[in-house]
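User: I would like to learn how to read a few features of a model, beginning with paired strands. Could you take me through them one at a time?

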Amino acid sequence: VTELMGEEYASKLGKMYVGTIHSFALRILQDYFGYGNYDVLDENQEMAFIMRRGWEIGIQNLNGNNYGEKCQKFAEAVNVIYDELIDREKLKNKDPEFYNVFGKYEKILDEYHRLTFSRLIYLAVTKIREYREKLPKIKHLIVDEYQDINHAQEELIKLIGRDASIMVVGDPRQTIYQWRGSDDKCFERFATEIYPDTETITIPENRRSGKKIVEISNSVSDTFKRRKFEHMKPLRNEEGYVYVIIAEDPYDEARWVIDQIQELVKNEGLNYSDFGILLRSV
């Protein structure tokens, strides 16, 4: 920024907010809606909290084969309620027993001053809807990885960007979180229902991956039945390599990776420091 615009512009960067949608929602709740002394539970802590407090709120009375399964199902159902902004009255009429347990769960979360990832988005949406004047006006909003948003996050983006020029960046072909509520039609809704004067800019070039990865990606997207996409164009010269392996268990998978590395170190003169292993989660 200093190079392009000078030091005066660079000195203003601290006023920008750059972070995840969850951290932004948390800041809103803490700064404007009285949640300054609340901590956020991650997914593992959330499950541990539910299992510890489940007996006192009645989770053992819900459907399920055993207590652990009941807690798991309860956590999943609660997150759906938050992520999809499900109407509480409809929930009460549909399943009063679950609604009762859910109410006790929210009460005990507040007693311990705890938020979860889904709940803090839900609360940010409900509080802003009720007290719009409290939220500071944002002039420019950029949302990356837009294909990953769920309904509650989509609503939050609409609320905080209502008076802003807004840009969303993403790829509907990469909508891999549908089980969490994401929906590849979010781009269509954005461009037709939310902002009908949207300008759409398509970037067909792929600068990240080797040619083989791009070719396989194109062939996979060709199989999509609901919609068709133009092929991506690889810009890197490297061919790259793609392997598909089927392992009996995690040990066999790890063994295969180790064998490949040892083979390349032994026969191709590579060092162990030449390798990187990326994991989805640990």
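Analyst: Leu141 stands opposite Ile166 in E4, and the strand facing E4 is E3 (residues 140-143), which runs parallel to E4 and is joined to it by four bridges. Two strands pair if DSSP finds at least two bridges between them, and the elements themselves are DSSP runs numbered from the N terminus (helices H or I, at least four residues; strands E, at least two). This is a predicted model, in which local features need pLDDT of at least 70 and side-chain atom pairs pLDDT 80 or more, whereas totals for chains, interfaces and linings use all residues. Residues are numbered from 1 along each chain as its sequence is written, and side-chain values use heavy atoms, without hydrogens or water.

User: Which side chains along E4 are buried, and which are not?

Analyst: The side chains of E4 alternate, with Ile166 and Val168 pointing to one face and buried, while Ser165 and Met167 point to the other and are not buried. Here buried means under 20% relative accessible area, exposed over 50% and partly exposed in between (1.4 Å probe, protein chains only).

User: How is the burial of a helix such as H10 read, and what do its buried residues pack against?

Analyst: An α-helix has 3.6 residues a turn, so residues three or four places apart point the same way. In H10 (residues 186-194) the buried residues are Cys186, Phe187 and Phe190. Seen down the axis of H10, these fall within an arc of 115 degrees (taken from the directions from the axis to the C-beta atoms), so they line one face of the helix. On the other side of H10, Thr192 and Glu193 are exposed, whereas its buried residues pack against helix H9 (151-160) and strand E4 (165-168).

User: At what angle do the axes of H5 and H7 cross?

Analyst: Two packed helices are described by the angle between their axes and the distance between the axes. The axes of H5 (residues 67-83) and H7 (residues 96-111) come within 12 Å and cross at roughly 80 degrees, which makes H5 roughly perpendicular to H7. In their contact (heavy atoms within 4.5 Å), Phe74, Ala77, Val78, Ile81 and Tyr82 in H5 meet Phe98, Val101, Phe102, Tyr105 and Glu106 in H7.

User: Where is Thr116, and what is Thr116 in contact with?

Analyst: Thr116 lies in strand E2 (residues 114-116) and, at 1% relative accessibility, counts as buried. Leaving aside neighbours within four places in sequence, Thr116 is in contact with Val40, Leu41, Glu46, Tyr82 and Tyr105.

Methods:
Axes are lines fitted to C-alpha atoms, for helices over the stretch in contact, and angles run from 0 to 180 degrees between N-to-C directions. Angles under 35 degrees count as roughly parallel, over 145 as roughly antiparallel, 65 to 115 as roughly perpendicular and the rest as oblique.
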